[in-house]
Amino acid sequence: MFFLFVRPESEFIEKIVGDVLNNLHAMPSSHTTTGLFGIDVRVSEVESLLNMESPDVLIVCIWGMGGIGKTTIAKAVCNNVRSRFQGIFFANFRQQSDLQRSFLSQLLGQEILNRGLLSFRDSFVRDRLRQIKVFIVLDDVDNSMALEEWRDLLDGRNSSFGPGSKVIITSRDKQVFSNVVDETYKVEGLNYEDAIQLFSSKALKNCCIPTTDQRDLIQQIARHVQGNPLALIVLGCSLYDKSIEEWRSALTKLAQNPQIENALRISYDGLDSEQKSIFLDIAHFFNEWDTREATRVLDCLYGRSVNFDISTLVDKCLITTSNYTLQMHDLLQEMAFNIVRAESKFPGKRSRLCHPPDVVQVLEENKVKATAINCRSCICSKVDVFE
């Protein structure tokens with residue numbers, strides 16, 4: 001006589017899901033950090049702080065200056081461990097709006113929004129979140145107010161998310177994390193050897209052996225930039241295929257003003273006038289736009305194709321076009337804002353406006369005619385000034 005023991009369907013499904021996740025985790029990660037010098041150690045240290053094997057819900061902050069690699073580290077950690085989690089959420093606080101809606105739809109599905117449930121405080125939402133193991137990255141949180149709608153979830157982390165869930169927050173402001181996080185990871189600049197390798201990979205494209213003059217200048221530039229990866233990448237790209245005199249000129253500028261923004265400004269200064277204008281337009285109006293849509297609008301604005309100019313900005317590492325999206329590092333965007341602000345202390349005399357208070361002031365004073373451009377999270381205008 002044979003007996004057939006049938007387990008509940010839910011147990012079979014749970015076992016299958018568990019086996020799949022385990023097999024995925026055992027496979028080599030498809031993510032590679034090739035070319036990101038010095039990142040592997042940092043990723044390992046952050047993963048250690050997250051204690052991936054622990055069932056506790058842990059929050060780790062990645063803290064450091066702009067351009068130091070906080071987002072890069074967070075993305076690398078996320079890619080390394082994503083197979084262990086049932087839900088992944090990665091959001092940039094500075095660039096995205098309505099994060100709560102995006103969070104709920106991405107982790108819980110569109111049906112949550114169809115039910116009209118848009119609040120973290122809704123009991124149904126909280127019950128659903130407690131049932132899934134999630135990995136969350138809240139990137140570039142620039143002030144504690146930005147975290148207010150998340151505070152209840154983060155403060156009650158062990159009752160808000162499924163066991164083993166992990167959260168990363170990145171910011172330049174350490175105070176953003178007070179009373180929220182379990183561990184803080186401070187990102188330091190690259191060490192001297194890694195800085196030299198990163199800069200050389202961009203300035204020489206790894207295709208030739210540096211001359212004696214180049215080797216000496218590389219060492220001096222690496223010291224002045226103080227291990228900031230963004231500055232090393234942008235400056236290195238700007239000096240690729242340039243003469244040794246241009247290298248020396250860049251070093252002289254750095255020596256006179258060894259600030260990170262000055263290193264980035266050297267690359268901007270190497271653009272022609274229309275490329276500078278397009279760079280400023282992207283910073284003010286088209287960051288995070290679909291590349292094809294932004295290019296179409298820019299073609300109309302300039303009366304010609306801007307594809308070559310876009311590719312030049314990409315080659316100089318001033319923008320990226322990842323996943324058909326125009327993206328600019330926030331440090332480069334801030335530099336662009338500062339360049340335009342320096343045009344005049346009066347907003348109405350500037351070539352571009354992006355900050356809502358400036359736009360309102362100019363329109364109220366009726367000193368310009370403004371063509372509004374929809375820019376996701378704020379009112380932006382490119383203005384022609386009346387004399």
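This dialogue walks through a predicted model, from its overall make-up to its sheet, a helix pair and its cysteines.

Visitor: Let's begin with the whole chain. How many helices and strands are there in the protein chain?

Guide: The protein chain has 18 helices and 8 strands. Keep in mind that the model is predicted. The chain holds 387 residues, and 45% of them are buried.

Visitor: What share of the contacts join residues at least 24 apart?

Guide: Take the contacts between residues at least 6 apart in sequence. Of these, 71% join residues at least 24 apart.

Visitor: Now the sheet. In what order do its strands come?

Guide: Read across the sheet, not along the sequence. The order is 2-3-4-1-5. That makes 5 strands in an open sheet, with parallel pairing.

Visitor: Which are the edge strands?

Guide: An edge strand pairs on one side only. Here the edges are strand 2, residues 87-92, and strand 5, residues 183-186.

Visitor: How far are neighbouring strands turned against each other?

Guide: The average is 15°, with direction ignored.

Visitor: Take me in from one edge. Over how many bridges do strand 2 and strand 3 pair?

Guide: They pair over 6 bridges, in the parallel sense. Strand 3 covers residues 134-139. To find the register, pick one residue and look across. F89 faces I136 in strand 3.

Visitor: Which helix packs on the sheet there, touching strand 2 and strand 3?

Guide: Helix 4 does, residues 99-108. The direction of helix 4 makes about 160° with that of strand 2.

Visitor: Next step across. What is the bridge partner of I136 in strand 4?

Guide: I136 has V167 as its bridge partner in strand 4. Strand 3 and strand 4 pair over 4 bridges, again in the parallel sense.

Visitor: And how many bridges join strand 1 to strand 4?

Guide: There are 6 bridges, and the two strands run parallel. Strand 1 spans residues 58-63. For the register, find L58, which stands opposite K166 in strand 4.

Visitor: How many residues of strand 4 are buried?

Guide: In strand 4, residues 166-171, 6 of 6 residues are buried. Check a strand one face at a time. One side carries K166, I168 and T170. The other carries V167, I169 and S171. Both faces are covered.

Visitor: On to helices. How is a packed pair described?

Guide: Two numbers do it: the angle between the axes and the distance between the axes. Here, look at helix 9, residues 192-203, and helix 10, residues 212-225. They pack at an angle of about 115°, with axes 9 Å apart. Their crossing is right-handed.

Visitor: Which residues in helix 9 and helix 10 meet?

Guide: Helix 9 brings Y192, A195, I196, F199 and S200. Helix 10 meets them with I218, Q219, I221, A222 and R223. By class, the contact residues are 7 nonpolar, 2 polar and 1 charged.

Visitor: Now the cysteines. What is a disulfide?

Guide: A disulfide is a covalent bond between the sulfur atoms of two cysteines. In a model, check the sulfur distance. The cut-off is within 2.5 Å. C237 and C317 have sulfur atoms 2.3 Å apart, so they form a disulfide under that cut-off. The count for this model is 1 disulfide.

Visitor: Which parts does the pair C237 and C317 tie together?

Guide: C237 lies in helix 11, residues 229-239. C317 sits in the loop between helix 16 (307-315) and helix 17 (330-341). The pair therefore ties together parts that are 80 residues apart in sequence.

Visitor: Is C237 buried or exposed?

Guide: C237 has 6% relative accessibility, so C237 counts as buried. C317 is partly exposed, at 21%. For two further cysteines, C78 is buried at 3%, while C300 is exposed at 61%.

Visitor: Last point, backbone angles. What is the phi of N323?

Guide: Phi of N323 is near 50°, a positive value in a residue other than glycine. Y324 also has a positive phi, about 60°, and is not a glycine.

Visitor: Where is N323 found?

Guide: N323 is in the loop between helix 16 and helix 17. Y324 is found in the loop between helix 16 and helix 17 too. That loop also holds C317. N323 counts as exposed at 69% relative accessibility, and Y324 counts as exposed at 54%.

How values were computed:
Residues numbered from 1 in each chain as written. Predicted model: local features only at pLDDT ≥ 70, side-chain atom pairs only at ≥ 80, totals over all residues. Heavy atoms only, no water. Axes fitted to C-alpha atoms, helices over the stretch in contact; angles between N-to-C directions. Left-handed = near helix turned anticlockwise from the far one by under 90°. Contact = heavy atoms within 4.5 Å. Nonpolar A, V, L, I, M, F, W, Y, C, P; charged D, E, K, R; others polar. Pairing = 2+ DSSP bridges. Buried < 20%, exposed > 50% of the residue type's maximum accessible area, 1.4 Å probe, protein only.
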